[in-house]
Amino acid sequence: MNPKIMILNGPNLNLLGVRQPHIYGYDTLADIEKRLRARARSHELAIDMRQSNHEGELVTWIQEARTTCAGIIINPAAYTHTSVAILDALLACEFPVIELHLSNPHKREEFRHRSFVTFAAKGVIAGFGAHGYELALDAMAQLIADQRTPAKPAQKAKTMRAAK
Ligand code: DQA
(Lines give C-alpha, C1' and ligand atoms only; values in the text may rest on other atoms or scores of the structure.)
Protein backbone atom coordinates (compact mmCIF):
# COMPACT_ATOMS: atom_id res chain seq x y z
CA MET A 1 0.00 0.00 0.00
CA ASN A 2 1.30 3.49 -0.87
CA PRO A 3 2.23 5.71 2.10
CA LYS A 4 -0.52 8.20 2.88
CA ILE A 5 0.04 11.93 3.34
CA MET A 6 -2.54 13.97 5.23
CA ILE A 7 -3.06 17.42 3.72
CA LEU A 8 -4.81 19.72 6.17
CA ASN A 9 -6.34 23.10 5.51
CA GLY A 10 -7.44 25.53 8.18
CA PRO A 11 -10.18 28.14 8.48
CA ASN A 12 -11.57 30.00 5.47
CA LEU A 13 -9.66 27.88 2.97
CA ASN A 14 -13.03 26.38 1.98
CA LEU A 15 -13.55 29.79 0.34
CA LEU A 16 -10.52 29.52 -1.92
CA GLY A 17 -11.30 30.81 -5.40
CA VAL A 18 -13.65 33.52 -4.13
CA ARG A 19 -11.82 34.78 -1.03
CA GLN A 20 -9.43 37.67 -1.79
CA PRO A 21 -8.38 36.11 -5.13
CA HIS A 22 -5.75 38.83 -5.62
CA ILE A 23 -3.96 37.22 -2.64
CA TYR A 24 -5.01 33.57 -2.73
CA GLY A 25 -5.76 33.03 -6.45
CA TYR A 26 -8.76 31.66 -8.33
CA ASP A 27 -8.24 27.92 -7.83
CA THR A 28 -10.68 26.23 -5.47
CA LEU A 29 -9.59 23.62 -2.93
CA ALA A 30 -11.27 21.01 -5.17
CA ASP A 31 -9.13 22.16 -8.17
CA ILE A 32 -6.01 21.84 -6.03
CA GLU A 33 -7.01 18.41 -4.71
CA LYS A 34 -7.58 17.11 -8.26
CA ARG A 35 -4.05 18.11 -9.31
CA LEU A 36 -2.58 16.74 -6.08
CA ARG A 37 -4.19 13.34 -6.62
CA ALA A 38 -2.47 13.01 -10.02
CA ARG A 39 0.82 14.21 -8.55
CA ALA A 40 0.52 11.80 -5.61
CA ARG A 41 0.01 8.89 -8.01
CA SER A 42 3.22 9.76 -9.85
CA HIS A 43 5.07 9.68 -6.51
CA GLU A 44 3.35 6.42 -5.48
CA LEU A 45 1.77 8.21 -2.53
CA ALA A 46 -1.86 8.40 -1.40
CA ILE A 47 -3.37 11.62 -0.07
CA ASP A 48 -6.12 12.43 2.39
CA MET A 49 -7.03 16.10 1.97
CA ARG A 50 -9.30 17.82 4.51
CA GLN A 51 -10.40 21.32 5.52
CA SER A 52 -11.88 22.59 8.76
CA ASN A 53 -12.83 25.90 10.27
CA HIS A 54 -12.41 24.43 13.76
CA GLU A 55 -9.15 24.25 15.68
CA GLY A 56 -10.14 21.16 17.71
CA GLU A 57 -11.12 19.23 14.60
CA LEU A 58 -7.71 19.95 13.07
CA VAL A 59 -6.05 18.74 16.31
CA THR A 60 -8.10 15.51 16.19
CA TRP A 61 -7.14 14.91 12.55
CA ILE A 62 -3.44 15.46 13.34
CA GLN A 63 -3.73 12.89 16.14
CA GLU A 64 -5.41 10.48 13.71
CA ALA A 65 -2.58 11.00 11.20
CA ARG A 66 0.01 9.92 13.82
CA THR A 67 -1.07 6.31 13.38
CA THR A 68 -2.34 6.27 9.79
CA CYS A 69 -0.05 8.55 7.76
CA ALA A 70 3.58 8.97 6.74
CA GLY A 71 3.54 12.77 6.81
CA ILE A 72 1.44 15.92 7.09
CA ILE A 73 1.30 18.94 4.84
CA ILE A 74 -0.59 21.68 6.63
CA ASN A 75 -1.84 25.10 5.69
CA PRO A 76 -3.11 26.13 9.13
CA ALA A 77 -4.38 29.47 7.73
CA ALA A 78 -5.09 31.95 10.56
CA TYR A 79 -4.30 29.27 13.19
CA THR A 80 -0.67 29.49 12.02
CA HIS A 81 -0.35 32.67 14.04
CA THR A 82 -2.34 31.68 17.12
CA SER A 83 -2.55 27.96 17.80
CA VAL A 84 -0.34 26.33 20.41
CA ALA A 85 -2.83 23.40 20.34
CA ILE A 86 -2.07 22.67 16.67
CA LEU A 87 1.66 23.08 17.34
CA ASP A 88 1.52 20.62 20.26
CA ALA A 89 -0.40 18.07 18.17
CA LEU A 90 2.20 18.34 15.40
CA LEU A 91 5.07 18.03 17.90
CA ALA A 92 3.57 14.70 18.94
CA CYS A 93 4.04 13.38 15.37
CA GLU A 94 7.20 11.50 14.52
CA PHE A 95 6.96 11.93 10.75
CA PRO A 96 7.78 14.95 8.55
CA VAL A 97 5.54 17.99 8.75
CA ILE A 98 5.56 20.63 6.00
CA GLU A 99 4.01 24.05 6.65
CA LEU A 100 2.39 25.58 3.61
CA HIS A 101 0.95 28.98 2.70
CA LEU A 102 -0.45 30.25 -0.56
CA SER A 103 0.72 33.79 0.14
CA ASN A 104 4.04 34.84 1.63
CA PRO A 105 3.03 35.86 5.18
CA HIS A 106 6.36 37.65 5.66
CA LYS A 107 5.40 40.19 2.98
CA ARG A 108 2.11 40.90 4.75
CA GLU A 109 0.88 42.37 8.05
CA GLU A 110 3.21 42.00 11.00
CA PHE A 111 0.84 39.69 12.92
CA ARG A 112 1.29 37.12 10.11
CA HIS A 113 5.06 37.06 10.53
CA ARG A 114 4.89 34.79 13.58
CA SER A 115 4.13 31.10 13.07
CA PHE A 116 3.68 28.67 15.94
CA VAL A 117 3.47 25.75 13.50
CA THR A 118 6.99 26.43 12.21
CA PHE A 119 8.42 24.96 15.43
CA ALA A 120 7.15 21.54 14.31
CA ALA A 121 7.88 21.88 10.59
CA LYS A 122 10.72 20.35 8.65
CA GLY A 123 10.29 23.15 6.13
CA VAL A 124 7.95 25.88 4.91
CA ILE A 125 6.63 26.58 1.43
CA ALA A 126 5.03 30.00 1.01
CA GLY A 127 4.24 32.53 -1.67
CA PHE A 128 3.75 30.24 -4.68
CA GLY A 129 -0.05 30.26 -4.65
CA ALA A 130 -1.88 27.01 -5.37
CA HIS A 131 1.26 25.58 -6.99
CA GLY A 132 2.78 25.48 -3.48
CA TYR A 133 0.64 22.41 -2.70
CA GLU A 134 2.36 20.48 -5.48
CA LEU A 135 5.78 21.78 -4.40
CA ALA A 136 5.02 20.61 -0.86
CA LEU A 137 3.99 17.15 -2.08
CA ASP A 138 7.20 16.88 -4.15
CA ALA A 139 9.23 17.83 -1.06
CA MET A 140 7.33 15.29 1.07
CA ALA A 141 7.89 12.54 -1.53
CA GLN A 142 11.63 13.24 -1.39
CA LEU A 143 11.69 13.17 2.43
CA ILE A 144 9.90 9.82 2.44
CA ALA A 145 12.19 8.39 -0.26
CA ASP A 146 15.23 9.52 1.77
CA GLN A 147 13.84 7.78 4.87
CA ARG A 148 13.47 4.54 2.91
CA THR A 149 16.97 4.58 1.41
CA PRO A 150 19.24 6.76 3.54
CA ALA A 151 22.35 7.57 1.47
CA LYS A 152 25.52 5.96 2.87
CA PRO A 153 28.27 8.50 3.79
CA ALA A 154 30.54 7.23 0.95
CA GLN A 155 27.72 7.43 -1.58
CA LYS A 156 26.83 10.90 -0.36
CA ALA A 157 30.40 12.19 -0.87
CA LYS A 158 30.46 10.72 -4.39
CA THR A 159 27.12 12.39 -5.27
CA MET A 160 28.36 15.71 -3.90
CA ARG A 161 31.58 15.49 -5.97
CA ALA A 162 29.58 14.65 -9.10
CA ALA A 163 27.27 17.62 -8.50
CA LYS A 164 30.18 20.09 -8.45
C1 DQA B 1 -2.51 31.65 4.66
C2 DQA B 1 -1.87 32.88 5.32
C3 DQA B 1 -2.52 33.19 6.66
O4 DQA B 1 -1.93 34.34 7.23
C5 DQA B 1 -3.99 33.48 6.48
O6 DQA B 1 -4.63 33.67 7.73
C7 DQA B 1 -4.70 32.43 5.68
C8 DQA B 1 -4.03 31.79 4.56
C9 DQA B 1 -1.98 31.40 3.24
O10 DQA B 1 -2.20 30.30 2.74
O11 DQA B 1 -1.38 32.29 2.64
O12 DQA B 1 -5.87 32.17 5.90
O13 DQA B 1 -2.19 30.52 5.45
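**View 1. Leu102 meets the ligand through its backbone.** A backbone N or O atom of Leu102 lies 2.8 Å from an oxygen atom of the ligand. The protein covers 99% of the 320 Å² of accessible area that the ligand has on its own. Please keep in mind, here and in the views below, that this is a predicted model.

**View 2. Two histidine side chains reach ligand oxygen atoms.** In the side chain of His81, an N or O atom is 2.7 Å from an oxygen atom of the ligand. For His101, the side chain places an N or O atom 2.9 Å from a ligand oxygen atom.

**View 3. The shell around the ligand.** Look around the ligand and you will find Arg19, Tyr24, Asn75, Ala77, Ala78, His81, His101, Leu102, Ser103, Arg108 and Arg112. Sorted by class, this shell holds 4 nonpolar, 4 polar and 3 charged residues.

**View 4. The ligand takes up the space of the largest pocket.** This pocket, the largest, has a volume of about 170 Å³. It is lined by 17 residues, of which Tyr24, Ala77, Ala78, Arg108 and Arg112 are the closest to its centre. Those five names may look familiar, since Tyr24, Ala77, Ala78, Arg108 and Arg112 also surround the ligand. The lining of the largest pocket comprises 7 nonpolar, 7 polar and 3 charged residues.

Technical notes
Residues are numbered from 1 along each chain as its sequence is written. This is a predicted model: local features need pLDDT of at least 70, side-chain atom pairs count only at pLDDT 80 or more; totals for chains, interfaces and linings use all residues. Side-chain values use heavy atoms; hydrogens and water are left out. A residue is near a molecule or strand if one of its heavy atoms lies within 4 Å of it. A polar contact is a pair of N or O atoms within 3.5 Å; within protein, one must be able to donate a hydrogen and the other to accept it, and residues adjacent in sequence count only if both atoms are side-chain atoms. Accessible areas come from the Shrake-Rupley method with a 1.4 Å probe; for residues, only the protein chains shown count as cover. On a 1 Å grid over the protein atoms alone, a cavity is a set of points where a 1.4 Å probe fits but cannot get out, and a pocket is an open set with protein on both sides within 12 Å along at least five of seven lines; lining residues have an atom within 4 Å of a point. A molecule sits in a cavity or pocket if more than half of its atoms lie within 2 Å of its grid points. Ala, Val, Leu, Ile, Met, Phe, Trp, Tyr, Cys and Pro count as nonpolar, Asp, Glu, Lys and Arg as charged, and the others, Gly among them, as polar. Grid points are joined across faces, edges and corners, and a volume is the space filled by probe spheres set on the points.
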